[in-house]
Amino acid sequence: MTTKTTGTHNAALPSNRRELPIVSLDEAHAPNKVLAHEDMLRKFIEGQEIQPVHMRIGIMGACNMRCNFCNFHSPNEENFYDLFSFKDLIHTDKAIKLLREFAGTGGRAVTFCGSGECTIHPGYTRICGDAHEAGLRLGLITNGSRLHTDELASCVTETHTWVRIGMNAGAEETFNEITRDREHTFSRFVTAVPRLRAEARDPDFRVGFNFVITQQNYKEIRQAAALAKQADAHYIRFEPEFYSALGHETVESVMSQVSDALTEVAQLSTPDFEVSVPKLDRGPMDETEAVEGDFEHCHYSRFVTAVGADGHLYPCPQVHLNSRYRIGNVLEEGYEQVLEGGPRAEWEASNPRRTDLCKSCFYRPQNELLEWLRRGQISLDDALASYRVEIPRTLHADFV
């Protein structure tokens, strides 16, 4: 691992190798949002304790689709996600209690995501209503199958700050083959999305699509981008298929075609519609000796926390439901007791450095920036000053 010397926070932003398209992330997913939290950063650099402002949570393991690229259903991941179970579910009252505890410790934002589909949880709307009343801003990563229903649409428009929908194809037939959907989800995108956008109460509300690039759908990148724009989405976000043991090798053989398509659809971007072009060549996270990223520890987990549908705290959603990363049961022991008490301290003392566990990291830009700030390779005051000039107002700042 090579130590870099840099004077600008932009040096930590993701980039592709020369022959691939320029990385261009949409505003909602900017990786340098941590610079919007000056007080937390100063405490972090000084070595003081800080508590996460953003929680990513999966409230159930079950899903009404079976996407063929899903990590949790893949034979490539049977060893990595060794704690995954379709039967996991955080009951409504326990979820509400947990989110109230999170808000009570200074928590500001919650993203519902996880190994299953949160919107099919029988208490989803009640959980969201209570969390919103507690002052939390809400985000949702979903397959979109329930967004056409009045109950869920009303819940989203009344309580959510953003929604990200898995599109993953440019044609309905391909979508159904990939997801095994039987609920006509794809055909409803063009009506569900405009409704959410028109009726949302949060002035910063954003709704967009996510497209996981695979061998099966890469030829439909152009169709998907055009459809997202037609549906009046704020953005479409592309990302390559990822397995912890394989990295992005699954699409490496068609990378030139993927690159050409992404370069083309990037031209569809306007002030009202963003096309997010990702880092395409991240290496494997597990089962490799190559270490990516100039940071030793997962600093990002001090700003953001993750809870699995098993009720346990994890450093991040990328590694949740892996027994090596399980910290403590927040439902049984209490959120604050696990986060700041014995369980987390014991886990950190017993586990090796990040470089011995996660060889690559989905949150590498955030972690590198935090490491360089702590080392003094980047001046915090200079970084904050330049960030304020570049980003006068951070969209969804609490979703770090």
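**Note on helix packing and internal space**

1. In α1, residues L41, F44 and I45 meet L370, L373 and R374 of α13. Sorted by class, this contact of α1 with α13 holds 5 nonpolar residues, no polar ones and 1 charged. The model under discussion is a predicted one.

2. The geometry of this pair is as follows. The axes of α1 and α13 lie 9 Å apart and the helices pack at an angle of about 60 degrees. Angles under 35 degrees count as roughly parallel and those from 65 to 115 as roughly perpendicular, so α1 is oblique to α13. The crossing of α1 past α13 is right-handed.

3. Helix α1 (residues 38–45) also packs on helix α14 (residues 380–390), at an angle of about 160 degrees and with the two axes 11 Å apart. With angles over 145 degrees counted as roughly antiparallel, α1 is therefore roughly antiparallel to α14. Here too the crossing is right-handed, with α1 passing α14.

4. Which residues make the contact between α1 and α14? From α1 come E38, L41, R42 and I45, and from α14 come L380, D381, L384 and R388. By class, the contact of α1 with α14 has 4 nonpolar residues, 4 charged and no polar ones. L41 and I45 of α1 thus appear in the contact with α14 as well as in the contact with α13.

5. A separate pair is formed by helix α3 (residues 124–133) and helix α4 (residues 150–159), which pack at about 15 degrees with their axes 10 Å apart. Since an angle under 35 degrees counts as roughly parallel, α3 and α4 are roughly parallel to each other. α3 passes α4 in a left-handed crossing.

6. On the α3 side of this pair, the residues in contact are Y124, T125, C128, G129 and H132, and they meet E151, L152, C155, E158 and T159 in α4. The contact of α3 with α4 divides by class into 4 nonpolar, 4 polar and 2 charged residues.

7. Turning to enclosed space, how many cavities of 30 Å³ or more does the model contain? The count comes to 1. The largest cavity holds about 30 Å³ of space. Its lining is made up of G144, L147, H148, T185, R188, F189 and A192. By class, the lining of the largest cavity has 3 nonpolar residues, 3 polar and 1 charged.

8. Among the open pockets, the second largest holds about 570 Å³ of space. The lining of the second largest pocket consists of 32 residues, and H297, C298, H299, S301 and E348 are those nearest its centre. The classes in the lining of the second largest pocket are 16 nonpolar, 9 polar and 7 charged.

9. Which helices each supply at least two residues of the lining of the second largest pocket? They are α11 (342–350), α12 (354–357) and α13 (364–375). The most is given by α11, with 3 residues. α13 therefore has two entries in this note, as a contributor to the lining of the second largest pocket and as a packing partner of α1 at an oblique angle.

Key
Residues are numbered from 1 along each chain as its sequence is written. This is a predicted model: local features need pLDDT of at least 70, side-chain atom pairs count only at pLDDT 80 or more; totals for chains, interfaces and linings use all residues. Side-chain values use heavy atoms; hydrogens and water are left out. Axes are lines fitted to C-alpha atoms, for helices over the stretch in contact, and angles run from 0 to 180 degrees between N-to-C directions. Helices (H or I, at least four residues) and strands (E, at least two) are DSSP runs, numbered from the N terminus. A crossing is left-handed if the near helix is turned anticlockwise from the far one by less than a right angle, and right-handed if clockwise. Contact means heavy atoms within 4.5 Å. Ala, Val, Leu, Ile, Met, Phe, Trp, Tyr, Cys and Pro count as nonpolar, Asp, Glu, Lys and Arg as charged, and the others, Gly among them, as polar. On a 1 Å grid over the protein atoms alone, a cavity is a set of points where a 1.4 Å probe fits but cannot get out, and a pocket is an open set with protein on both sides within 12 Å along at least five of seven lines; lining residues have an atom within 4 Å of a point. Grid points are joined across faces, edges and corners, and a volume is the space filled by probe spheres set on the points.
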